[in-house]
Amino acid sequence: MSLTCEILSTGDEVLTGQITDTNATWLADQLGTLGFVVTRHTTVGDDRERLEAAFRELGGRADIVACTGGLGPTVDDLTTEIAAKVAGCGLKLDEPALQRMQMLWQARGRPMPENNRKQALLPELSEVLPNPVGTAPGFTMKLGRAVFFFMPGVPSEMKKMFSEQVAPRIEKLRPEPSIFQVRVLRTHGLPESKVDELLSRLEAQFPGVKLGFRAHFPEIQVKLTVQGKDAEAARQLLKSASREVFKRLGPSIFSDGPSMEETVGELLKMEKGTISLAESCTGGMIGEMLTSVPGSSSYFDRSFVTYTNTAKRDVLGVSEAILAEHGAVSETCARAMAEGARKLSGSRFALSATGIAGPTGGSPQKPVGTVFVALATPASTFARKIYFPGSRHQVRQITAMTALDMLRRHLTGLPVDGNRTDALPLEERG
């Protein structure tokens, strides 16, 4: 028998769209990875009657409810109060939670406001879920038939609490022992429909394997899940299915976990190579991706954001003849930009990007979404033309991803044009 899981998000700011509810998305993915099926997402504002109705309704039909928000110190944070009312109990002061809050405020060099004391008042029938990175402790308790897990709405606090406190408790609620093996393969360069087509009948070929897709622009994630009672049998089945996915999708798979920028970073470290950038339409986006990875200073040298023709000429040395004859948005210019960045920096590799992100600036010959990316190496320079008629942000995103993918392919011995379907070394991880 499977357990019914639901997600409840609280707060007027979530209900009215003032903030995006990333918590629910993240929780659904985490619960799915643990092998639980989420049946509904519910959002309720800061209203006593509606919160009470939601707690009673979910408590009557679900087995597990992951609830976020409403644990703060202000008058509109109502979750704890309403949970105690539905459970028919009072509130108790949790002294360890209060002491921890006082220490946090003391570390900030400020006295704790009196209203923060409210966060240490928890339902008498609840179990405390410690919060190591924030002031609001969470708690878990049974309301109706469901076990509720109440967590803060701050994403960083919620994620840590779920991983360290909630997930282990949920695992123990399984009615029978079950093994879940999950692998997520990240791809770039193929549309979701093509990935689906290439993986058709995979589940029929490997009974017991569940196949799922997640479009997370500009990548497509392929999720393989195996459930069983024998850990080794589940692992072997997942390994066999993974091999088949690699066989069908080839080098469009760039990792089984790390992001593109993390993958490229690891390859550069293995190569003991350095990278510099010459960016135009991406405006620093490639550099931002690379430097978001801790330790990137060991391989990232510098970035030249040369948005105008004058900057391309004066900084990177792109000739007036190239700009006049071919234009800034051209393969010739992209090559010159990458070669100029490599020469100026002395880096082993250099990437460039130049194009028309839109929504204006296009022409019949070069419509909006036309982009050229180039990779300069010690031996030669490679260039690619891409065309993606999306929004300005999407064009910039896919350009940055494609540029990094060119370097990833080069560093793994694959053709940078992406036309071949060689098997990736990653497959050997099993």
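## Close-up views of a predicted model

**View 1. Cysteines that stay unpaired.** The sulfur of Cys5 lies 14 Å from the closest cysteine sulfur, which belongs to Cys67, and this is too far for a bond. The structure shown here is a predicted model, and in this model Cys5 is buried, with a relative accessible area of 0%. For Cys89 the closest cysteine sulfur is again in Cys67, here at 15 Å, so this distance too is too far for a bond. Cys89 is buried as well, with a relative accessible area of 18%. Since a disulfide needs two cysteine sulfur atoms within 2.5 Å, the count for this structure comes to 0 disulfides.

**View 2. The chain as a whole.** Before the remaining close-ups, it helps to place them in the full chain, whose secondary structure comes to 15 helices and 17 strands. Along its principal axes the C-alpha trace spans about 80 × 55 × 40 Å, and buried residues make up 49% of the 430 residues in the chain. Of the contacts in the chain with a separation of 6 or more, 68% are accounted for by residues 24 or more positions apart. The chain exposes about 20,100 Å², and carbon and sulfur atoms supply 51% of that area.

**View 3. The open sheet that contains β1.** In this sheet 6 strands follow the order β2-β1-β3-β8-β7-β6, and their pairing is mixed. The strands β2 (37-44) and β6 (127-129) stand at the edges, each with a single partner strand, so one side of each is left without a neighbour in the sheet. From one strand to the next the twist averages 25°. Strand β3 (residues 64-68) and β8 run parallel and are joined by 5 bridges, and the bridge partner of Val65 in β8 is Phe148. Helix α2 (residues 22-33) lies across β1, β2, β3 and β8, and its direction runs at about 160° to β1.

**View 4. Helix α4 and its surroundings.** Which residues of helix α4 (residues 79-87) are buried? They are Thr79, Thr80, Ile82, Ala83, Ala84 and Val86. An α-helix has 3.6 residues a turn, so residues three or four places apart point the same way. The buried residues of α4 pack against the helix α3 (48-61) and against the strands β1 (4-10), β4 (91-93), β5 (121-123), β7 (138-143) and β8 (146-151). Just after α4, Gly88 takes a positive phi of about 75°.

**View 5. The open sheet that contains β16.** Here an open sheet of 5 strands has the order β14-β13-β15-β16-β17, with mixed pairing. At its edges stand β14 (300-305) and β17 (381-387), each with a single partner strand, which means that one side of each is left without a neighbour in the sheet. The twist averages 15° from one strand to the next. Helix α14 (residues 331-345) lies across β13, β14, β15, β16 and β17, running at about 145° to β15. Helix α15 also packs on this sheet, touching β13, β15, β16 and β17, and its direction makes about 30° with that of β16.

**View 6. Strand β16 and its two partners.** Strands β15 and β16 run antiparallel and are joined by 6 bridges; Ser352 stands opposite Ala374 in β16, while the bridge partner of Leu351 in β16 is Leu375. With β17, strand β16 pairs in the antiparallel sense over 7 bridges, and these two strands form a hairpin with 4 residues between them. Across this pairing, Thr370 stands opposite Tyr387 in β17. How many of the residues of β16 are buried? The strand is mostly covered, with 7 of its 7 residues buried. In a regular strand the side chains alternate between the two faces of the sheet. In β16 both faces are covered, with Thr370, Phe372, Ala374 and Ala376 buried on one side and Val371, Val373 and Leu375 buried on the other.

**View 7. The largest nonpolar core.** This core has 33 residues, and those with the most contacts inside it are Leu268, Ile275, Ile286, Leu290, Leu351, Leu404 and Leu407. The elements that give two or more residues to the core are α10 (260-271), β13 (275-279), α11 (285-291), β15 (349-355), β16 (370-376) and α15 (392-411), and its largest share, 9 residues, comes from α15. Apart from this core lies another, of 24 residues, among them Phe55, Leu71, Leu78 and Phe148.

Technical notes
Residues numbered from 1 in each chain as written. Predicted model: local features only at pLDDT ≥ 70, side-chain atom pairs only at ≥ 80, totals over all residues. Heavy atoms only, no water. Buried < 20%, exposed > 50% of the residue type's maximum accessible area, 1.4 Å probe, protein only. Contact = heavy atoms within 4.5 Å. Core = buried A, V, L, I, M, F, W, Y, C linked by side-chain atoms within 4.5 Å. Pairing = 2+ DSSP bridges. Axes fitted to C-alpha atoms, helices over the stretch in contact; angles between N-to-C directions. Areas by Shrake-Rupley, 256 points an atom, 1.4 Å probe, with all protein chains shown as cover.
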